[in-house]
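Reader: I've got a model open on my screen and I'd like to learn how to read it. Can you walk me through a few features?

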Amino acid sequence: MGHERRTGKDRDTKDKSEHGNEGEDERHVWHVDGRCVNCDVARQLAPGLIGEAGGRSVVLRQPEGRAEVRQLNAAAHACPTRSVRSPGGRLDAAADPFPLALDDEGAVYLCGHNSPHTAGANSYLLRRPDGTVTMVDTPRWSTSLATRYEESGPVTDVLLTHRDHAAHGRAYADRFGARLWIHEGDLDAAPDADRVLRGTEPSEISPGVTAVPLPGHTRGSVVYLADERYCFSGDSFYWSRTTEDVEVAESVTWYSIGELAASLARTAGRLRFEWLLPGHGDRRRLPRDEAARRMERLTARTRELRPRPVDFTAMRW
C-alpha cells in the first residue's frame, strides 16, 4: 500500500487477551505475535478466525476441524511478518497451500508469501490459454518459491502495478526469463524494466491482457485487465469488507486523489471485469454488470474527495 508501515510497539496487548487467548500459553495455541503490521492479509484468508482489534490482527478463536486449520495455515504462509503463529510456533511446509487457485477454472492463483518489502501486498499468477503464465506483482523472493510458481507453467511476463510492489520484480523476471513491465511514472522503482508503459492509453501486454494506466495512488499506477474477467487493480481500488463496496484507499494516496478521480472518470467505463484482485484490501467476484455499476458510483464518490494526510489507521478494510 505504501512506503512505510507502523510497528507494533504502541499496540495494547490487552486486545489479545480479550479475543481468544486469555489465560492460554501461546506456545500451544494459534496466535498473532507483536510484529503484526495490520496489513489485512491474514484476515482475508481466515475470516471469522482472525479479526482486527486495537490496530492489529488477533486470533478470535481456535480452529475447529481441518478446513479451519487449512485457513489458518494459509494465513500463516501469507503473512509478510510471519506473525500468525501455529501451536509450537513453526510453519509447516507441508501445509503451505500456495499458489492457491481462486477460481474453478484454475486461471488465477494467489501467490501467498507476501513480502515485507512490498508492504505485504498480494500477488497473483494468471494462467493463459496457451499454458504460459503471467505474474502480477511479486511475493517475497526465494529460489524455492520461484521453483514452486514455475510449476504452474512457463512465466513470460512479470507485471508491476506500481512502485510499492516492485521490490522483487527483477529477481523473478530473471529467474523466469520473463519480461518485467512498469509504467514510466514509477520507472525509478524498476529502472531496469524490460518494457515501459507510457502515457494514459491502454496497451496490450499479450492476447487478452491489457494494461490500463491509472495515475493517482502513485504517478505510475496501472490496472491490468484479462479477458474482461480479471481486474488486477494494485492499490488503485479494492473491495472493502467494512463498506461492502469497491473503494479507493483515500487515506493512503501518495500522488494525487484528484488525479485518481480523473483517471477513474477516463477509464472506469472500460474496466469490464468479474474478479476484483487488488494488492491491498480484499478480493471479490461480482457479476460483470454489477461491477460496472459499482465502478461508476466509485468514480462519482472519488470526485468528491479532497487531499488528506497519509494515515494507515484510516484504512477501511
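Author: Happy to. Keep in mind that this is a predicted model. Let's begin with one side chain: W141 has a relative accessible area of 32%, so it counts as partly exposed.

Reader: And Y172, is that one buried or exposed?

Author: Buried: Y172 has a relative accessible area of 0%.

Reader: How many aromatic pairs turn up in the whole structure?

Author: Four. To classify a pair, look at the ring centres and the angle between the planes; over 60 degrees counts as edge-to-face. The rings of W141 and Y172 have centres 4.8 Å apart and planes at 80°, so that pair is edge-to-face. The two residues are 31 apart in the chain, with W141 in the loop between strand 8 and helix 4, and Y172 in helix 5. Ring pairs also join W141, Y149, Y172 and F176 into a cluster.

Reader: What about helix 3: what span should its 13 residues have?

Author: Use 1.5 Å a residue: helix 3 (residues 66-78) should span 18 Å, and its end C-alpha atoms are 18 Å apart, which agrees. Its buried residues include E68, L72 and H77. Among the elements covering the buried residues of helix 3 are helix 2, strand 2 and strand 4.

Reader: Now sheets. What is the strand order in the open sheet of six strands?

Author: Read across it and you get 12-13-14-15-18-19, with mixed pairing. An edge strand pairs on one side only, as strand 12 and strand 19 do here. Further in, strand 14 and strand 15 pair in the antiparallel sense over three bridges, and Y224 stands opposite F232 in strand 15.

Definitions and conventions
Residues are numbered from 1 along each chain as its sequence is written. This is a predicted model: local features need pLDDT of at least 70, side-chain atom pairs count only at pLDDT 80 or more; totals for chains, interfaces and linings use all residues. Side-chain values use heavy atoms; hydrogens and water are left out. Helices (H or I, at least four residues) and strands (E, at least two) are DSSP runs, numbered from the N terminus. The expected span of a helix is 1.5 Å times one less than its number of residues. Buried means under 20% relative accessible area, exposed over 50%, partly exposed in between (1.4 Å probe, protein chains only). Contact means heavy atoms within 4.5 Å. Two strands pair if DSSP finds at least two bridges between them. Rings of Phe, Tyr and Trp (its six-membered ring) pair if their centres lie within 6.5 Å; planes under 30 degrees apart count as stacked, over 60 as edge-to-face and the rest as tilted.
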